[in-house]
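Biologist: Got a few minutes to go through this one with me? I'd like to work from one helix outwards.

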Amino acid sequence: MPIIAPSLLSANFLQLESACKMLNESNADWFHLDIMDGRFVPNISFGPMIVEFIRKTTTKVCDVHLMIEEPEKYAEQFKNAGADILTVHIEACKHLHRNIQQIKGLGMKSGVAINPHTSVSLLENIVQDIDLVCMMSVNPGFGGQKFIPQTIEKIKQLRKMCNDKGLQTHIEIDGGVTLENAQSIIAAGADVLVAGNTVFKAVNPVEVIAKLKGL
């Protein structure tokens, strides 16, 4: 069964506590928290303070995805706020291995995200050092976008790379995940599904999470 990580970016922030309560009572495994700075992506979301508030509502994994420039300046703040997994973008890191060492040194699991245009081959010399690859299946910055079909082939390439190296690295798919395409995403080799609008815009979010979890 896949790990389900609903993205709180799609939640109603006027009812954030209720959204967290719903996720806690559902089959969701992780809370996916998207951090945007208006520089790396053309949008601004929230920062460590909101992560800290969310952390107080749950014992589930807080999966923090930094879509920001210079992530090394903020890693310790997100650790202190309660992040369990901290993911940085390969495109935003001049010294990626150093970023990963910093994250691990702070006691968090490390993730690397890649944008739709970024080749899986760029992970060849780093994948053995990380716990998770977050593969963007939409252009980062906004929720509600459609899944980019070419992502399926990239998932297959990455899963083969991990298998060839004997790695159990998580492959997380972020963007446009729906009940209709989730099965093909899992079949390609992904094991973590980030779902935003699919969950939070549903009439019955708990039921949708259960269906995703049962795939």
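Biologist: Let's start with helix α4 (residues 96-105). Which residues in α4 are buried?

Modeller: Ground rules first: this is a predicted model in which local features need pLDDT of at least 70, side-chain atom pairs count only at pLDDT 80 or more, and totals for chains, interfaces and linings use all residues. Residues are numbered from 1 along each chain as its sequence is written, and side-chain values use heavy atoms, leaving out hydrogens and water. Helices (H or I, at least four residues) and strands (E, at least two) are DSSP runs numbered from the N terminus, while buried means under 20% relative accessible area, exposed over 50% and partly exposed in between (1.4 Å probe, protein chains only). By that cut-off, the buried residues of α4 are L96, N99, I100 and I103.

Biologist: And seen down the axis of α4, what arc do the buried residues fall within?

Modeller: The arc is that of the directions from the helix axis to the C-beta atoms. The buried residues of α4 line one face of the helix, because they fall within an arc of 95°.

Biologist: What does that buried side pack against?

Modeller: The face of α4 turned away from its buried side carries the exposed residues R98 and G105. The buried residues have their own partners, with contact meaning heavy atoms within 4.5 Å. They pack against β4 (85-89) and β5 (109-114).

Biologist: Which residue that follows α4 has a positive phi?

Modeller: That's a glycine after the helix, with phi near 90°. The residue is G107.

Biologist: Any holes inside? How much space lies in the largest cavity?

Modeller: On a 1 Å grid over the protein atoms alone, a cavity is a set of points where a 1.4 Å probe fits but cannot get out, a pocket is an open set with protein on both sides within 12 Å along at least five of seven lines, and lining residues have an atom within 4 Å of a point. Grid points are joined across faces, edges and corners, and a volume is the space filled by probe spheres set on the points. Searching the whole structure turns up one cavity of 30 Å³ or more. The largest cavity holds about 30 Å³.

Biologist: Which element gives the largest share of that cavity's lining?

Modeller: The lining is made up of L66, P71, E72, A75, L86, V88, N99, Q102 and I103. β4 and α4 each supply at least two of these residues. The largest share, three residues, comes from α4.

Biologist: Now the open spaces. Which residues lie nearest the centre of the largest pocket?

Modeller: That pocket has about 310 Å³ of space, and β2, β8 (192-195) and α7 (197-200) each supply at least two lining residues. Out of 27 lining residues, those nearest the centre are G143, G144, G175, G176 and G196.

Biologist: And how many charged residues line the second largest pocket?

Modeller: This pocket has a volume of about 150 Å³, and its lining includes E69, H95, R98 and N99. For the classes, Ala, Val, Leu, Ile, Met, Phe, Trp, Tyr, Cys and Pro count as nonpolar, Asp, Glu, Lys and Arg as charged, and the others, Gly among them, as polar. The split is two nonpolar, three polar and, for charged, five.

Biologist: Speaking of charge, how many salt bridges does the structure hold?

Modeller: Side chains of opposite charge can pair when their charged atoms come close. Here a salt bridge is a side-chain nitrogen of Lys or Arg within 4 Å of a carboxyl oxygen of Asp or Glu. The total is nine.

Biologist: How many residues apart are K213 and D29?

Modeller: K213 and D29 form a salt bridge, 2.9 Å from N to O. K213 sits in helix α8 (residues 205-213) and D29 in the loop between α1 (16-25) and β2 (30-36), a separation of 184 residues.

Biologist: Is K213 buried or exposed?

Modeller: D29, its partner, counts as partly exposed at 25% relative accessibility. K213 has a relative accessible area of 14%, so it is buried.

Biologist: Last one: which helix holds both K160 and D164?

Modeller: K160 and D164 form a salt bridge with their closest N and O atoms 2.8 Å apart, and both are exposed. They are four residues apart, about one turn, in helix α5.
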